[in-house]
Amino acid sequence: ISMPENIECNIRLPQNNLLEITSKADENTVIPSIIEAVKQSEEEGYDAALVYCFGEPGVKESQSEVNIPVLGIANPSMYYAAMLSEQFAVIASLEAHCPLINILVEQLGLAHKMSKPFAVGISPKDFDGNDEVLIGNLIQHIKPSLDAGVRVFILGCGSMQSKSGLIKRAVREELGVSITVINPLEISIYMIYSLLQLR
């Protein structure tokens, strides 16, 4: 990721026992620890907080607890995709994440802009070293979206953020289609940067 100048980032791991989130119940479990991590970040003098999970657990709850900007990685990327195209799709890691993505896009009022999300069938913790599986599953499942005219895709998992170039190349080489792949982490970092500059 190309970072704006003069930005210092710190990673804080919320104190919970979940390695991945696959349901609304999981989201509810981690929310208290995320709120606490955001509050600690503000107390330590950080200017903003980013919840690095596409389901955005605890984002709204944290916003009401602190006086610094708190963003997730789904909302900014979905708004950005909606500005770029009449239709976009989200590439999820697991099928269990697709209902959560549908809930998010409904809350944003962008359901009419989003094509059906699809999953590549890889757990968030297993993306490293599984590029062949990722591309094989992606090529298999992306075709309905392409046939419907979708050319803008959002990486629907924080663990997938380094795969945008790989995915664009694979779709172009194997299917002959050029697509835009949005890295939600990058969009959110620049959104936070803009908010801080405007403030």
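Which residues have the most contacts inside the largest nonpolar core? In this predicted model, they are I91, L138, I142, F153, I167, V171 and I179, and the core they belong to has 23 residues. Strands β3 and β5 and helices α5 (131–147) and α6 (164–175) are the elements that give two or more residues to this core. Helix α5 provides the largest share, six residues. In soluble globular proteins, nonpolar side chains tend to be buried together.

One member of that list, I142, shows what such contacts look like. Leaving out residues up to four places away in sequence, I142 touches F118, F153, V171, L175 and I179. A second core, separate from the one just described, has 21 residues and includes M78, L104, V105 and L110.

Strand β3 is a convenient place to continue. This strand covers residues 89–92, and both of its faces are covered. A89 and I91 lie on one side, V90 and A92 on the other, and all four are buried. The split into two sides follows a general pattern: in a regular strand the side chains alternate between the two faces of the sheet.

Strand β3 has pairing partners in β5 and β4. With strand β5 (residues 152–155) the pairing is parallel and uses three bridges; here V90 has I154 as its bridge partner. With strand β4 (residues 118–119) the direction is again parallel, and two bridges make the connection. In this pair, I91 is opposite F118. Between β3 and β4 the chain passes through helix α4 (residues 98–108), forming a β-α-β crossover that is right-handed.

The loops at either end of α4 can be followed in turn. S93 sits in the loop between β3 and α4. Is S93 buried or exposed? S93 counts as buried because its relative accessibility is 0%, and the cut-off for buried is under 20%. The side chain of S93 makes a polar contact of 2.8 Å with the side chain of H97. Beyond residues up to four places away in sequence, S93 touches A119, V120, G121, I122, P124, F127, C157 and M160.

On the other side of the helix, A111 belongs to the loop between α4 and β4. A111 has a relative accessible area of 30%, so it is classed as partly exposed. Apart from neighbours within four places in sequence, A111 is in contact with V105 and E106. V105 is also one of the residues included in the second core. As a distance across the model, the C-alpha atoms of A111 and E44 are 38 Å apart, with these positions 67 residues apart along the chain.

The cysteines remain. How many disulfides does a search of the whole structure find? The search finds zero. For C53, the nearest cysteine sulfur is that of C157, at 7.7 Å, and C53 is in no disulfide. C53 is partly exposed, with a relative accessible area of 22%. C98 is in no disulfide either, and its nearest cysteine sulfur, again that of C157, is 12 Å away. C98 is classed as buried because its relative accessible area is 4%. C157, named for both cysteines, is also among the residues that S93 touches.

Technical notes:
Residues are numbered from 1 along each chain as its sequence is written. This is a predicted model: local features need pLDDT of at least 70, side-chain atom pairs count only at pLDDT 80 or more; totals for chains, interfaces and linings use all residues. Side-chain values use heavy atoms; hydrogens and water are left out. Buried means under 20% relative accessible area, exposed over 50%, partly exposed in between (1.4 Å probe, protein chains only). Two strands pair if DSSP finds at least two bridges between them. A crossover is right-handed if, with the strands pointing away from the viewer, the path from the first strand over the helix to the second runs clockwise. Contact means heavy atoms within 4.5 Å. A nonpolar core is a set of buried Ala, Val, Leu, Ile, Met, Phe, Trp, Tyr and Cys residues joined through side-chain atoms within 4.5 Å. A disulfide is a pair of cysteine sulfur atoms within 2.5 Å. A polar contact is a pair of N or O atoms within 3.5 Å; within protein, one must be able to donate a hydrogen and the other to accept it, and residues adjacent in sequence count only if both atoms are side-chain atoms.
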